[in-house]
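Thank you all for making the time this morning. I would like to walk through one structure with you, going from single residues to packing between elements, and I will try to be careful about what each step rests on.

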Amino acid sequence: MVVFVKDKRLELPMHHDSKQKGNHFRPKSGFGLFFAKINGLRYAKSRIVFLFALVLVSTFLLLSKLVGGNVNLMQYIPTSLDEQEYYDYDFKGLDIDTIKKYDEGVSHYIISKGGMEALSSEDKEAFEREADMLLASTTDLYDLSQYNGASNGAANRDHVLLCVPLRDAASLLPMLFKNLMNLTYPHELIDIAFLVSDCTDNGRTMSSLLDFSKELQNGTLSKTLQDFEADKDKGNSAEQLYLKYMGKDYLKMVKNAFNPPFHDDYDKPFRSIQIFEKDFGQQIGQGFSDRHAVKVQGVRRKLMGRARNWLTANALKPYHSWVYWRDVDVELCPGTVIEDLMKHDYDVIVPNVWRPLPTFLGGAQAYDLNSWVESNEAIKLAKTLDEDDVIVEGYAEYPTWRVHLGYLRKDNGNPDDLLDLDGVGGVSILARAQLFRKGIHFPAFTFENHAETEAFGKMAKKMGFKVGGLMHYTLWHIYEPSDDDLREIAKLERESRRNQR
Ligand SMILES: Nc1nc2c(ncn2[C@@H]2O[C@H](COP(=O)(O)OP(=O)(O)O)[C@@H](O)[C@H]2O)c(=O)[nH]1
Ligand SMILES: [Mg+2]
């Protein structure tokens, strides 16, 4: 698998060559280089050197793995990838030979006899034929009314853009990728776009992301993750001390979710994976207690808004009908989540998001309080605030008395029960792509005393779209011990040691 670096943007598409036997994944050689050249020759040389180095390193790694006895690796290389949908739209075949001459940055003028601009009929015919081909390679015609997003998206072959913002998230990536593979919405219809920003981990998020993405697209990821889990189980008990205090039922649920049998297309590559790396100046620490202090919420949420908008603006293609936003730190999520949200035919729809807690804190709690129904009290409160102030939910400073989707959840409630919402949380949002085309976004400024996803929900509703949430359909956010929780755990550990003596 070859990676093209485009100004820090990494693409991992696939190109199909029916003549090639065996492994059907291969770099989109001529095609990629064509675009590399179109983008400017100055990048091409360094890219070729980079590619060459990458191929050498990959070959070396592969050989050393094989020699080291890990022959199993080969059995995970898929042998066929025939669905046309992998190659629709921007990956469609071009006549590389004909348009090659445009690669060199050549301008092409035809001056006919006598210095006139009129062309001889033969010249004209040749010119038009080539112009058509060139145009066909750079211009596509879309009837956007065909990409409105159907409630039965999979049957309708709707393409989904799946966006994931990431910051200092290397340790969470194995969980994210397992959840991605577990998605049953047809993988060949999903383009994944990651945005990595403002990391302080010396590139660990970026390099793991790149490795996992390549393996996912190569069909080898589940084996790698199995090995990774086996290693993880062996050590590092201090970091996982809190697990002793989590409910047994929850831990069992996690174990079951990450163990086979998985769905048939678990290992199937996605239509494409793109990775963008761009900083937005986020300085608030990514630790649980740092990022949840009430004072930092407004600034943090506005920067997240910027990041999300940048990602949609760069990754959304005309052929996408739906956009699914997903945070990295969801531990448990039904694989059918996209279909389950889609079927309700809402323009913006979110599930309920809870998190497990140690048993000494009650075992579980509503996590995402950003999905809510507006209240008169909050409207009155907003009138007393400055235009730029951002109301944040779940803090005593802002008594909004709103109905929160989180608190409506019942353990055995009907997962299809739906509530119309005003604000939405960002952990898992399914939205019709046309909303973004129509200018609805994640405000990076104060909009009706809100920012980012809550303001997105409000804006969508204000523009006449249907916004809702499922009360009893639950995704589980990871539990990250807060500073207080860690102190409590340390205290309990001391007590238990004392009792053992
Ligand atoms: N690109 C980008 N992603 C971020 C930033 N901050 C958080 N994230 C990611 O956005 C998602 C939500 O962030 P998180 O900190 O978990 O939010 P919380 O659970 O609401 O506290 C996760 O996938 C994070 O990795 C940021 O500044 N930039
Ligand atoms: Mg989170």
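Val 254 is partly exposed, because 17 other C-beta atoms lie within 10 Å, and a residue would need 20 or more to count as buried. Its place is in helix α8, and, leaving aside the neighbours within four places in sequence, Val 254 is in contact with Glu 331 and Leu 332. For the second of these partners, the C-alpha atoms of Val 254 and Leu 332 are separated by 6.8 Å, although the two residues are 78 residues apart along the chain. I should say at once that this is a predicted model, and please keep that in mind for everything that follows.

Let me set Val 350 beside that. Val 350 lies in strand β8, which covers residues 348–356, and Val 350 counts as buried because 30 other C-beta atoms lie within 10 Å. Which residues does Val 350 touch, if we do not count those up to four places away in sequence? They are Ser 371, Val 424, Gly 425, Ser 428, Ile 429 and Gly 469. The C-alpha atoms of Val 350 and Thr 474 are separated by 9.8 Å, with their positions 124 residues apart along the chain.

To put these two residues into the context of the chain, there are 15 helices and 14 strands, and buried residues make up 33% of the 501 residues. Among the contacts with a separation of 6 or more, 82% come from residues 24 or more positions apart.

Strand β8 comes up again when we turn to helix α14, residues 452–462, which is mostly covered, with ten of its eleven residues buried. The buried residues of α14 include Glu 452, Glu 454, Lys 458 and Lys 461, as well as Phe 456 and Met 459. What do the buried residues of α14 pack against? Their partners are α10, β8, β13 (428–432), α13 (433–437) and β14 (467–477). Just after α14, Gly 464 takes a positive phi of about 95 degrees.

Helix α10 brings us to the ligand. The shell around ligand 1 consists of 15 residues, of which the closest are Pro 165, Arg 167, Ser 197, Gln 282 and Val 328. The elements that give two or more residues to this shell are β3, residues 159–166, and α10, residues 297–315, and α10 gives the most, with three residues. By class, the shell around ligand 1 has eight nonpolar, two polar and five charged residues.

Next, a pair of helices. The axes of α5, residues 173–181, and α6, residues 204–218, come within 11 Å and cross at roughly 25 degrees. Since angles under 35 degrees count as roughly parallel, that makes α5 roughly parallel to α6, and the crossing of the two helices is right-handed. On the α5 side, Leu 173, Phe 177 and Met 181 take part, and they meet Ser 208, Leu 209, Phe 212 and Leu 216 in α6. By class, this contact of α5 with α6 has six nonpolar residues, one polar residue and no charged residues.

I will finish with some backbone features in the loops. Where does Arg 157 lie? Arg 157 is in the loop between α4 (121–138) and β3, and its phi is near 55 degrees, a positive value in a residue other than glycine. Arg 157 counts as partly exposed, because there are 15 C-beta neighbours inside 10 Å. Trp 401 also has a positive phi, near 50 degrees, in a residue other than glycine, and Trp 401 lies in the loop between α12 (376–383) and β11 (403–404). Is Trp 401 buried or exposed? Trp 401 is exposed, because 11 other C-beta atoms lie within 10 Å, and a residue counts as exposed with 12 or fewer.

The last item is a peptide bond. Pro 260 and Pro 261 are joined by a cis peptide bond, with omega about 5 degrees. Pro 261 lies in the loop between α8 (248–257) and β5 (272–277), and α8 is the helix in which we found Val 254 at the start.

Note on methods. Residues are numbered from 1 along each chain as its sequence is written. Chains are lettered from A and ligands numbered from 1 in the order in which they are written. This is a predicted model: local features need pLDDT of at least 70, side-chain atom pairs count only at pLDDT 80 or more; totals for chains, interfaces and linings use all residues. A residue is near a molecule or strand if its C-beta atom, placed from the backbone, lies within 6 Å of it. Helices (H or I, at least four residues) and strands (E, at least two) are DSSP runs, numbered from the N terminus. Ala, Val, Leu, Ile, Met, Phe, Trp, Tyr, Cys and Pro count as nonpolar, Asp, Glu, Lys and Arg as charged, and the others, Gly among them, as polar. Axes are lines fitted to C-alpha atoms, for helices over the stretch in contact, and angles run from 0 to 180 degrees between N-to-C directions. Angles under 35 degrees count as roughly parallel, over 145 as roughly antiparallel, 65 to 115 as roughly perpendicular and the rest as oblique. A crossing is left-handed if the near helix is turned anticlockwise from the far one by less than a right angle, and right-handed if clockwise. Two residues are in contact if their C-beta atoms, placed from the backbone, lie within 7 Å.
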